[in-house]
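User: I am new to this structure. Please walk me through some of the terms used for it.

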Amino acid sequence: MPRTLPKVRVHFGLYTRFMETDKQIESERIALVQHPKRDNGLGTSVISPHPTAKIDGKMGFEIEVCLLNPKKYKMRLWAVFFGDGPCFRFDSE
């Protein structure tokens with residue numbers, strides 16, 4: 001998989017507006033469930049971006065936390081508009 005989603009490159013202005021605007025997750029708390037293949041908890045939530053983001057399609061937020069070391073975690077932001085992979089990732093390490 002390429003490091004940057006092609007639609008992010010093509011619509012970079014829209015991407016930056018999407019990243020800069022506030023986003024609302026569906027619930028206040030995201031429940032973590034045991035990852036089937038690792039010692040991690042995995043949780044997801046649908047997000048609603050601010051109307052000025054002007055992006056259509058499903059969007060979501062995903063977090064993965066190491067159950068043995070909670071300081072080790074990953075966050076991903078998904079917007080189907082930009083492609084199949086996450087359009088933003090953060091890794092605590």
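Analyst: Start with pairing, on which a hairpin rests: two strands pair if DSSP finds at least two bridges between them. In this predicted model, β4 and β5 form a hairpin with six residues between them.

User: How do you know that β4 and strand β5 (residues 73–79) pair?

Analyst: Seven bridges join β4 to β5. Pairing takes at least two, so the two strands pair. They run antiparallel. Within this pairing, Phe-61 stands opposite Leu-77 in β5.

User: What makes strand β3 (residues 40–49) a partner of β4?

Analyst: Bridges again. β3 and β4 are joined over seven bridges, in the antiparallel sense. At least two are needed, so this counts as a pair. One example is Gly-43, whose bridge partner in β4 is Ile-63.

User: Why is strand β4 (residues 59–66) called mostly covered?

Analyst: Seven of the eight residues in β4 are buried. Buried means under 20% relative accessible area.

User: Why is Thr-21 called buried?

Analyst: Its relative accessible area is 13%. The cut-off is under 20%, so Thr-21 is buried.

User: Where is Thr-21 placed, and which residues does Thr-21 touch?

Analyst: Thr-21 sits in the loop between α2 (12–20) and β1 (23–25). Leaving aside residues up to four places away in sequence, Thr-21 touches His-50, Thr-52 and Ala-53.

User: What makes the pair of Phe-18 and Thr-21 a polar contact?

Analyst: A polar atom of the Thr-21 side chain lies 3.1 Å from the backbone oxygen of Phe-18. The limit is within 3.5 Å, so the distance fits a polar contact.

Terms used
Residues numbered from 1 in each chain as written. Predicted model: local features only at pLDDT ≥ 70, side-chain atom pairs only at ≥ 80, totals over all residues. Heavy atoms only, no water. Helix = DSSP H or I, 4+ residues; strand = E, 2+ residues; numbered from the N terminus. Buried < 20%, exposed > 50% of the residue type's maximum accessible area, 1.4 Å probe, protein only. Polar contact = N/O pair within 3.5 Å; in protein donor to acceptor, adjacent residues only side chain to side chain. Contact = heavy atoms within 4.5 Å.
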